[in-house]
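Trainee: I would love a close look at one part of this protein. Could you walk me through how some of its strands pair up, and set that against the whole?

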Amino acid sequence: MKSYRVSICAVLVLAFGCGESTQSGTATSITVKPGQSIQTAVTNAAAGDTIIVMPGDYTEPYSGDEAAIHVTKPLKLIAQSDLPGVKVRILPSPGQKHGILVAPAPATPPNPDIDGLTIQGFTVEGFPNMGIYLQHVKNYTIEGNESINNLENGIFPTLSANGLVKKNVAYGSQDSALWVEGSENVRVINNDIHNSLTGIEITISKEITVETNDVHDNTIGVGLYYPATAGLPQNEWPALDYGHLHILDNYVHDNNSPNTAAAGSETSQLPYGGGILLLGVNHIDVQMNRINDNDFFGIAMLDYCVATAGTPFNCTTKPPPVAETTPDYNQLISNELANNGTAPPSGPFAALAADIIALAGTNNCASGNTPTAKTIFLPDLPGC
């Protein structure tokens with residue numbers, strides 16, 4: 001059956017530019033060259049195949065699909081790039097919202113999650129919504145890619161599990177450069193995340209490790225946000241105990257970019273100058289990070305309802321879907337903080353500018369942080 005499928009693809013190479021196929025064992029490798037179609041190769045590949053894409057610019061014709069590349073099966077997509085100089089760029093056609101979308105094909109009842117995925121070495125640039133967008137994918141790797149000026153979110157795995165997001169560069173998004181939502185057991189490691197509204201965002205997720213990333217020149221560096229801020233409706237939230245996030249050994253600095261979100265949106269309420277923001281979240285370990293030169297705060301731990309008071313999204317007019325809005329059971333340990341809180345934005349919280357702000361919650365602790373750090377703890381935090 002596999003050999004028959006490959007022969008059909010060989011015919012399509014001549015007619016439609018599907019790509020060149022070679023077969024080894026039970027998996028096939030398909031090579032796509034400039035002028036050929038990545039999407040055609042994806043469509044004709046079998047689960048488990050590898051698609052190798054040669055350097056060049058690729059613009060898929062709009063076919064009614066919301067994405068330039070739409071993957072519905074386990075595949076390896078490998079760009080033969082050598083970033084930053086030699087690129088495999090995926091660029092939008094009019095009508096396309098996303099660069100690479102990976103999601104099971106719609107079905108009733110729903111198809112199972114896609115099990116096994118690699119996306120490596122691509123530059124995805126200029127899409128109005130998402131750059132690399134995963135839904136219902138498990139056991140995945142997103143490594144060594146660039147997301148550039150994808151205007152909503154850059155790299156966005158949601159409702160997915162057991163992932164590695166490593167050594168990517170993402171910038172130029174009006175929401176988050178890298179957002180993990182509704183997910184479990186994901187490692188976000190060694191990425192360069194900058195020049196976006198929120199650099200790295202985590203919402204309604206469990207057992208996420210964010211480690212050794214360089215997060216800089218955003219409005220907020222790392223945002224660990226209360227569930228109400230997520231894009232998913234509550235009936236789609238995964239049934240898991242949110243939290244248990246590990247923010248380790250990151251360099252979070254110079255996150256002072258103005259907030260350019262559309263006026264009146266929830267994201268437009270975020271102040272500039274924030275390093276790591278714990279907004280109504282629980283069971284977070286913030287350890288051994290280097291947090292420098294953020295104008296408002298290095299680390300802030302706030303009640304969601306307190307933070308949204310005075311905005312259209314306050315808890316009186318828009319009751320949150322989860323009763324508990326305080327940050328609880330969080331640990332701030334051995335972080336190196338310097339020169340944070342020196343030029344906060346004007347507003348009711350400006351007087352609270354500091355290296356560490358903790359204004360609410362229970363069973364939180366702090367120890368071993370830079371001894372000279374300016375801290376504001378209400379109530380005072382015990383040692384960990």
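Mentor: Happy to! Let's begin with charge: this is a predicted model, and in it the mean positions of the 16 positive and 36 negative charges lie 11 Å apart. Now to the strands you asked about. Strand β9 covers residues 114-120, and strand β12 covers residues 137-143; these two pair in the parallel sense, with six bridges between them. To find the pairing on your screen, look for I114, whose bridge partner in β12 is V137. From there, move on to strand β15, residues 161-166, which runs parallel to β12 and is joined to it by five bridges. Here K138 is a good place to look, since its bridge partner in β15 is A161. So β12 pairs with β9 and also with β15. As you trace them, keep a general rule in mind: side chains in a regular strand alternate between the two faces of the sheet.

Now step back to the whole protein. Its secondary structure comes to 34 strands and three helices. Among contacts with a separation of 6 or more, 58% are between residues 24 or more positions apart. The C-alpha atoms fill a box of roughly 70 × 45 × 40 Å along the principal axes. The radius of gyration is 22 Å, which agrees with the value near 21 Å for a compact globule of 384 residues. Of those 384 residues, 53% are buried. As for the outside, the protein exposes about 15,300 Å², and carbon and sulfur atoms supply 54% of that area.

Technical notes:
Residues are numbered from 1 along each chain as its sequence is written. This is a predicted model: local features need pLDDT of at least 70, side-chain atom pairs count only at pLDDT 80 or more; totals for chains, interfaces and linings use all residues. Side-chain values use heavy atoms; hydrogens and water are left out. Helices (H or I, at least four residues) and strands (E, at least two) are DSSP runs, numbered from the N terminus. The radius of gyration is taken over C-alpha atoms; the globule rule is 2.2 Å times the number of residues to the power 0.38. Buried means under 20% relative accessible area, exposed over 50%, partly exposed in between (1.4 Å probe, protein chains only). Contact means heavy atoms within 4.5 Å. Accessible areas come from the Shrake-Rupley method with a 1.4 Å probe; for residues, only the protein chains shown count as cover. Lys and Arg count as positive and Asp and Glu as negative; His and the chain ends are not counted. The place of a charge is taken as NZ of Lys, CZ of Arg, CG of Asp or CD of Glu. Two strands pair if DSSP finds at least two bridges between them.
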